[in-house]
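Reader: I am new to reading protein models, and I would like to go through this one slowly, with a question at each step. Could we begin once the sequence and the structure are in view?

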Amino acid sequence: MENDAQISNMIRKMTGLIDREEIRNEVSNQIGSISLLANPEEFKELISRFIRFPDGLETLRKEWRIIYNNSKKPEILIEVLAQDTDIRTAMFNDMNYLINYGEIWDTSSLSKEIAKLPDGKKVIVSNFEQLFSEAQKNLEELVLPMLEEEEGRQKFRENFDRIKTKFLEARNIEGFFKTINELESLEDCKDIYEEYGFWSKLYSQIQVPKMKFILPSQALKLSSAEAEKAIGDSIAEEVKLQEFIRMLNSPDRYEKRAVLEAVSNGNPYTYKACGTSSFIIKAGNQVVKLCEGKRKYEVPYHPRIMMPWFRKKYSDNSVLEVFNYGNTKSADITDDILLEIYKEFEAAGIKWGDARKTNLLVLESDNDLPDFIKSSQFNLFGFLEDDRFPTNNHKALKKGDLVVCDLDMLYAVDDPEYQEGLLDEVIEKYLYSKKVRQQEEIDR
């Protein structure tokens, strides 16, 4: 650390005294070593002053490859060095050197600097394949400059699937949508914008809570419902990201878009809640749940299970559900009410794998199914085709009805795929007492 400080002091002194010929001679003689040892930002400041002098410029013309290769951040030197036409021309004629030498691990940052130079965007287009193969995190810094050139837009179109894949593999969805938004005014890329512009607007529309750390002492003071919400809010950014990446990769995104547009009826979508693999949004009174289909999809029907307007499992193993919750509340649901409903399901031959008060709601508006859903090809609800659980006598749930609103873990009593998730304590105690009684009967 002491040597670093000494080198830093030396570079700053040279920079301040660069108008002296003897200092410039020293820099010229030692420039290879200086570029290797110096802090990149401090070295950039040194050569930005050094290049203003004829003898400094002559040195940089001879040695630019050495200092570029030695620097820990060579891309930040390009704008300074390229002030000279001869160096800039040499750089553009030797892009292999710029890409393969120096500590360049992400050619997106290199592209950003080249794009600032005269004819730099044309150079990016000409070297697209090389730059793209090594581009990493901020791919938009390579792609956006290309869109300003007709040949670049053509290459963008030809390689769009590869570009999209690279954006999403890097989880850079904001960079992808920034690129998509630029296409709106470009006539030769309008079709791509039309395909993905909806998702860009939706992503921007849905604002989620920022990740917030909760101290253990604070968590202990929360109710179970408050704790569940706090956990959901803390992961909302990550869950939103993963759900949109899944949506953009889905072969069924066209149908999902049609559903989301029909359901919103022109209302904006807002964030409602999320779990580790589910993202819940709202438009008007309609609630949409986007989730991974990890658990049971086909569920037994029961009048107390909230009938969705729409429910479908897709080829990408995702499920999209739409409910007309109206406004809901669950604060008045007691342990006794939860246990009563659990026993009601038991009597009907249904096992409820995540029986919790937070999965019960009191409707504050009727859940009538609208005509446009009743008559739609999307009317696929995912209830079991089983005579034990007939759906043809369904009565729409009304204001004041107590309903199960989470359909992920509802099973027929004899389903071998039954999984038990989180249960409220009153249900755990009830099931334990049942096991004890059953064991006592066996032991008699």
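Author: A residue is called buried when its relative accessible area is under 20%, exposed when it is over 50%, and partly exposed in between. Please keep in mind that this is a predicted model.

Reader: Is Glu-195 buried, exposed or partly exposed?

Author: The relative accessible area of Glu-195 is 26%, and the range between the cut-offs of 20% and 50% is the one called partly exposed. Glu-195 is therefore partly exposed.

Reader: Which residue does the side chain of Glu-195 meet in a salt bridge?

Author: In general, side chains of opposite charge can pair when their charged atoms come close. For Glu-195 the N to O distance in the salt bridge is 2.5 Å, and the two partners lie in distant parts of the chain, 58 residues apart, with Glu-195 in helix H15 (residues 190–205) and the other residue in helix H19 (residues 253–264). That partner is buried, with a relative accessible area of 8%. The residue asked for is Arg-253.

Reader: How many salt bridges does the structure hold?

Author: A salt bridge is counted when a side-chain nitrogen of Lys or Arg is within 4 Å of a carboxyl oxygen of Asp or Glu. Asp-386 and Arg-388 form one of them, with their closest N and O atoms 2.8 Å apart. The number of salt bridges in the structure is 33.

Reader: With which residue does Arg-388 form a salt bridge whose closest N and O atoms are 3.4 Å apart?

Author: Arg-388 is partly exposed at 44% relative accessibility, and Asp-386, with 22%, is partly exposed too. The bridge at 3.4 Å links Arg-388, in the loop between helix H21 (371–374) and strand S9 (402–404), to a residue 26 residues apart from it, in the loop between strand S10 (410–412) and helix H22 (425–443). This second residue is exposed, with a relative accessible area of 51%. The partner is Asp-414.

Reader: What are the edge strands of the open sheet of five strands?

Author: The sheet has antiparallel pairing and the strand order S1-S2-S3-S5-S4. Within the sheet, strand S2 (residues 278–283) and strand S3 (residues 286–292) are joined by six bridges, and Ser-278 has Cys-291 in S3 as its bridge partner. An edge strand pairs on one side only, and the edge strands here are strand S1 (270–275) and strand S4 (310–313).

Reader: Which helix packs on the sheet with its direction at about 15 degrees to that of S5?

Author: Helix H18 (residues 236–249) packs on the sheet and touches S1, S2, S3 and strand S5 (318–323), but its direction makes about 85 degrees with that of S2. Another helix touches S2, S3, S4 and S5, and its direction makes about 15 degrees with that of S5. The helix with that angle to S5 is H19.

Reader: On which residue is the kink in H2 centred?

Author: Helix H2 (residues 21–37) has 17 residues and reaches 22 Å from its first C-alpha to its last, which is close to the expected 24 Å. Its buried residues are Ile-23, Arg-24, Val-27, Ile-31, Ile-34 and Ser-35. The kink is of about 75 degrees, and the residue on which it is centred is Gln-30.

Technical notes: Residues are numbered from 1 along each chain as its sequence is written. This is a predicted model: local features need pLDDT of at least 70, side-chain atom pairs count only at pLDDT 80 or more; totals for chains, interfaces and linings use all residues. Side-chain values use heavy atoms; hydrogens and water are left out. Helices (H or I, at least four residues) and strands (E, at least two) are DSSP runs, numbered from the N terminus. Buried means under 20% relative accessible area, exposed over 50%, partly exposed in between (1.4 Å probe, protein chains only). Two strands pair if DSSP finds at least two bridges between them. Contact means heavy atoms within 4.5 Å. Axes are lines fitted to C-alpha atoms, for helices over the stretch in contact, and angles run from 0 to 180 degrees between N-to-C directions. The expected span of a helix is 1.5 Å times one less than its number of residues. The bend at a residue is the angle between axes fitted to the seven residues ending there and the seven starting there.
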